[in-house]
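Me: I am new to reading protein structures, and I would like a close look at one part of this one instead of a quick tour of everything. Could you choose a region, go through it step by step, and then show me what lies around it?

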Amino acid sequence: MLKLSIYPVLLFSLLFFSCKNEAERKESQTNENQQTEKQTSAEVNKVNSEDLLKQQPEEIEAPEGMVWVSGVKFTMGATDGDPYALPREKPAHPVAVDGFFIDQTEVTNAQFKKFVEETGYLTIAERPVVWEELKEQLPPGTPKPADSILQPGSLIFRKDLENMTNLNDYGQWWEWKRGADWKHPQGPNSSIEGKDNFPVVHVAYEDALAYASWAGRDLPTEAEWEAAAHGQSHGGIYTWGDDESKLNDEANTWQGQFPVKNVPEDGYKYAAPVKSFPPNSLNLYDMAGNVWEFTKDNFNTRYYQQALQQGELLNPKGSITYFNEDNPYQKEKVIKGGSFLCNKSYCASYRISARMGTSMDSGTDHLGFRTVYRVK
């Protein structure tokens, strides 16, 4: 069994993401020759609210399992009243998005299974590892590991930890598991039998895009995702408002001492079936907790600073460049919503503004997605 610690440079660089407490970590130093972004791909102007697509077009029926999100102007990012806000979520900045449809739930095992059965699609976690492609996202000179290590698989959360001395050593609770994939979420001896209504996991960005294309849809932008998460009332820290005491009733997150003691006060120790918790005001489920969700946006920790300088952004598509001080060799996508591993003692990524970056060519057992359908 391969542990992350056996080959930390390779696996940490390519495959790892988790909730990270910025207050406990030193900010990486940057220099002047690091890539910067001069503009965004969004249209920049002062948006007239009357020009936004707000109402669902009468001639278009809602696709099965999807909900209409009205076009809206709102402030994207963390507010001053958010005690858990991280630098990458600031500054808050004005955006506007046209109306669109979004999946009511995260894509489930049953839905993904239908896609695979009809197309014969093979996910990245099931394909042979190609070293020539892999090394492009690693520091120059990284030696090739043994062929026995370069085997298909994915990351799973270790459930057997008994103590923890250093929360900065996140390799202690992640394990690279050969044979782990969407059909075998805990390894080759596991299955999704009886879990049709659980969110599909161990999907990479390419896999999520492939499903969305098959369904005639797309992945949401980060701005669209936040608009949907806020629902009918913009400005709240959480999908239900600002009251943190409602967390256990509203979202599937971690209770207890992370990552060694998980007390399922909310009814679930790990992933839960979709619709296990109340929906937000748009009748969307699991926009907080359960599993992280892919967006189309490139992850750039400096993007919000640049976006604020652009003025109000219409249908923003995010940064045109990738930048993460912690993973400078990776191209990462923004993920939203947090997961069943999120706890305020280590992170609080069940907040609407929370954003994380993850490698495009790998997945874990707490990352999924939902799709959107745009009519304009």
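**A sheet, two crossing helices and a pocket**

Reply: A good place to begin is a single pair of residues, since in strand β5 the bridge partner of W68 is F101. Please keep in mind throughout that this is a predicted model. The pair belongs to a longer match, in which β2 and β5 (residues 100–103) run antiparallel to each other and are joined over 4 bridges. These two strands are part of an open sheet of 3 strands, which has the order β2-β5-β13 and antiparallel pairing. At its edges are β2 (66–69) and β13 (372–374), each of which pairs on one side only. If you follow the sheet from one strand to the next, the twist averages 25 degrees. Helix α5 (residues 222–230) packs on this sheet and touches β2, β5 and β13, while its direction makes about 75 degrees with that of β5.

Now turn to the part that deserves the slowest reading, the meeting of two other helices. Two packed helices are described by the angle between their axes and the distance between the axes. For α2 (residues 109–119) and α4 (residues 205–214), the axes come within 11 Å and cross at roughly 80 degrees. Because angles of 65 to 115 degrees count as roughly perpendicular, α2 is roughly perpendicular to α4. On the α2 side, the residues that take part are Q111, F112, K114, F115, E118 and T119, and they meet D207, A210, Y211 and W214 of α4. Sorted by class, this contact has 5 nonpolar, 2 polar and 3 charged residues.

The two helices also share in a pocket, the second largest, with a volume of about 380 Å³. This pocket is lined by 17 residues, and the closest to its centre are E64, G65, Q111, Y211 and R217. You have already met Q111 and Y211, as residues of the contact between α2 and α4. Each of these helices supplies at least two residues of the lining, and the largest share, 3 residues, comes from α2. By class the lining has 5 nonpolar, 6 polar and 6 charged residues.

Helix α4 has another neighbour as well, for it lies across β8 (292–298) and β10, running at about 90 degrees to β8. Those two strands belong to an open sheet of 4 strands with mixed pairing, in the order β11-β10-β8-β12. Its edge strands are β11 (355–359) and β12 (367–368), each pairing on one side only. Within this sheet, β10 (residues 332–336) and β11 pair in the antiparallel sense over 5 bridges, and E332 has S359 in β11 as its bridge partner.

Finally, two details of the backbone are worth finding on the display. In the loop between β7 (174–178) and α4 you will find H202, which has a positive phi of about 60 degrees although it is not a glycine. In another loop, between β3 (72–76) and β4 (93–97), lies P91, and the peptide bond that leads from K90 to P91 is cis, with omega near -5 degrees.

Technical notes: Residues are numbered from 1 along each chain as its sequence is written. This is a predicted model: local features need pLDDT of at least 70, side-chain atom pairs count only at pLDDT 80 or more; totals for chains, interfaces and linings use all residues. Side-chain values use heavy atoms; hydrogens and water are left out. Axes are lines fitted to C-alpha atoms, for helices over the stretch in contact, and angles run from 0 to 180 degrees between N-to-C directions. Angles under 35 degrees count as roughly parallel, over 145 as roughly antiparallel, 65 to 115 as roughly perpendicular and the rest as oblique. Contact means heavy atoms within 4.5 Å. Ala, Val, Leu, Ile, Met, Phe, Trp, Tyr, Cys and Pro count as nonpolar, Asp, Glu, Lys and Arg as charged, and the others, Gly among them, as polar. Two strands pair if DSSP finds at least two bridges between them. On a 1 Å grid over the protein atoms alone, a cavity is a set of points where a 1.4 Å probe fits but cannot get out, and a pocket is an open set with protein on both sides within 12 Å along at least five of seven lines; lining residues have an atom within 4 Å of a point. Grid points are joined across faces, edges and corners, and a volume is the space filled by probe spheres set on the points.
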